[in-house]
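Hi everyone, thanks for coming. Please bring up the sequence and the structure on your screens, and we'll walk through them together.

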Amino acid sequence: MSYVKHLLRSGKPLRLSTSVTLMVCATLTSVLLVVYTLFFIQLGKVAHDSLEEKVFAIARTLADSPPIIGGLQDPERAAAIQPYAERVRQSNNLLFVVVTDMHGIRYSHPEPALIGKHFIGDDLQPALEGKEYHAVNHGALAEALRIFTPVYNDRHQPIGVIALGISLDRVHAVVNENRWSIPWTLLFGILVGALGIWCLVSVVKRIMLGFEPYEIAALFEQRNAMLHSIKEGVIAVDAQARITLINPEAKRLFKKSAPIEILLGGNTDETWALLLNLNTVLKTGLARRDEEINFNGCLLLTNTVPIVVGKQIIGAVATFRDKTEISQLLQRLSGISNYADALRTQSHEFKNKLHVILGMLHMKNYPQLENYILKTANTYQTEIGSLLRTIKSPVMAGFMLGKINRARDLNIRLSINDDSLLPDAQDEQTTVTLITALGNVIENAMEAIGNEENHEIIVSFHHQDEQLHCVVSDDGPGIPASLIPHIFEQGFSTKGENRGLGLSLVKQSVDAVGGTVELESEPGVFTQFFIQLPYKSAVSIL
């Protein structure tokens, strides 16, 4: 299902700005939540480790202080340990500062009554063995984070232990205090993200020329439908003359003369790119209109224009059509025009005959009237009647009638062989091809005869086994044998410049439907064209 059909079924879609904002906000929120969780966990650990390291530093300082070392070595100086430890505890907001000897007997404690008693807890043992240690335990006071550091004498012999305690409530308070910086960080990230979203949407909208995505999708499908439906070939190239677009009609026109891999690939061939004027337009920026080019024997009528964005040429577009198809269309129009002229002429002639008959009736000249009517009837039977009996196609009958009248105006007798028979065709294209072929051949014969009198052109039709054999014969000046091999070449003519399209058009039209056209001529005697076409009749001829 295409994007446009989906939109038509689902109703009006969200605007680009709304869609991008929602998507980016959802992504940004998810990322920030994950970052917040990881940062929250990491920050708590860092705050805990920082506080722990700070207490270790205090414990090491106490272990190296002379009052502590001296009090543990000299019983007379032991009384100085308690006041010193209390000052340190109060100044650093610790839960307790306890100094013990190697037997775990306290020398200091926030509660003086406990001095001289054994330290509570097995976590003192690693420090008595000379190791720094930390643990969470519950002693005489509240549950606390406890830090243990051994005390050494001058000979680096352990003489006691420093035990510091921090209330877990204080630990949690420090951690939570640091975590409050996270929401401000998140808020700053949201503000920066919102600014980025706004900039992104503005840039994307500018690049998309203010269109919404569903509008671009609709335009894209409309463009494809248009390119497939138009009869002109279309090729677009970028600034480096590389093909970016080619429609089916262009492929059809070129497939007989250009390698298909060139058309379907990304690169143009220098020769035919130049022929289509694409390179010239890319360099100059000037449009080239209604120009004829000969592309490998195919005559094309082209229009090439540059694609300019912001005063910069970013590519070019060439539209073209086979001029032979245009000539065929003109030929059809010419045939219709001839048909109309013939009918108009016949109408005038019939009115004149009616006036003659009316005048003879008024004059009561009945014998001459009878002879005039019989002569008119015989003329009709000879020209019009035989034409309608021979040619069953109304279009072809009108076409041939127009040619007969045109030949009469040129003092040339154009007739149809009495043994001829042309049924109506099933396919209109076959009729068009026959009109194109006969029209050009008969016009060529009349031009060759020129103003000479007493010349005749005879046309015959023979239909058998779904094949039509048509012969156009004239007794004009003929064609020299040396010119016959070139007579169907495009642009070849003995009548001057800008000629030589008619017979080449006959050849192309007949070949296109699988037919043949041949020529025989003897200078000064006759010229004959033999045309054979696949021809299915609309009604079976018995």
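**A walk through the model**

Let's start with leucine 209, which sits in the loop between helix 7 (181–207) and helix 8 (213–229). A word on ground rules: this is a predicted model, where local features need pLDDT of at least 70 and side-chain atom pairs count only at pLDDT 80 or more, while totals for chains, interfaces and linings use all residues. Residues are numbered from 1 along each chain as its sequence is written, and side-chain values use heavy atoms, with hydrogens and water left out. Helices (H or I, at least four residues) and strands (E, at least two) are DSSP runs, numbered from the N terminus.

Back to leucine 209: is this residue buried or exposed? At 68% relative accessibility, leucine 209 counts as exposed. The cut-offs are under 20% relative accessible area for buried, over 50% for exposed, and partly exposed in between, with a 1.4 Å probe and protein chains only. Leu209 joins Phe211, Ile216 and Leu219 in a nonpolar surface patch of about 360 Å². Patches take residues with over 30% relative accessible area and no salt bridge, joining like charges within 9 Å and nonpolar side chains (Val, Leu, Ile, Met, Phe, Trp, Tyr) within 5 Å. A salt bridge here is a side-chain nitrogen of Lys or Arg within 4 Å of a carboxyl oxygen of Asp or Glu. The areas come from the Shrake-Rupley method with a 1.4 Å probe, and for residues only the protein chains shown count as cover.

Now to strand 5 (residues 233–238). 6 of the 6 residues of strand 5 are buried, so this strand is largely enclosed by the rest of the structure. In a regular strand the side chains alternate between the two faces of the sheet. Here Gly233, Ile235 and Val237 point one way, Val234, Ala236 and Asp238 point the other way, and all are buried.

Which strands pair with strand 5? Strand 9 (residues 312–322) pairs with strand 5 in the antiparallel sense over 6 bridges, and pairing requires that DSSP finds at least two bridges between the strands. Isoleucine 235 has alanine 318 in strand 9 as its bridge partner. Strand 6 (residues 243–246) is also antiparallel to strand 5, over 3 bridges, with leucine 245 the bridge partner of alanine 236. Strands 5 and 6 form a hairpin with 4 residues between them, and in the turn alanine 241 has a positive phi of about 65 degrees.

Next, helix 15 (residues 394–409). Why does its length look right? At 1.5 Å a residue its 16 residues should span 22 Å, and the end C-alpha atoms are 23 Å apart, which agrees. That expected span is 1.5 Å times one less than the number of residues. Among the buried residues of helix 15 are Met396, Phe399, Met400 and Ile404. Following helix 15 is asparagine 411, with a positive phi near 60 degrees; this asparagine 411 lies in the loop between helix 15 and strand 10.

Helix 16 (residues 428–449) has 22 residues and reaches 31 Å from first C-alpha to last, close to the 32 Å expected. 17 of those 22 residues are buried, so helix 16 is largely enclosed by the rest of the structure. Glycine 450 follows helix 16, with a positive phi near 70 degrees.

That brings us to the core. The largest nonpolar core has 41 residues, and those with the most contacts inside it are Ile391, Met400, Leu438 and Phe461. Elements giving two or more residues to this core include helix 15, helix 16, strand 11, strand 12 and strand 14. Helix 16 gives the most, with 9 residues. By definition, a nonpolar core is a set of buried Ala, Val, Leu, Ile, Met, Phe, Trp, Tyr and Cys residues joined through side-chain atoms within 4.5 Å.

Finally, the strands in that list. Strand 11 (residues 455–464) and strand 12 (residues 467–474) are antiparallel over 8 bridges, with histidine 463 partnered by leucine 468 in strand 12. Their hairpin has 2 residues between the strands, and aspartate 465 takes a positive phi near 50 degrees there. Strand 12 is also joined by 8 bridges to strand 14 (residues 526–534), again antiparallel, where aspartate 474 stands opposite threonine 527.
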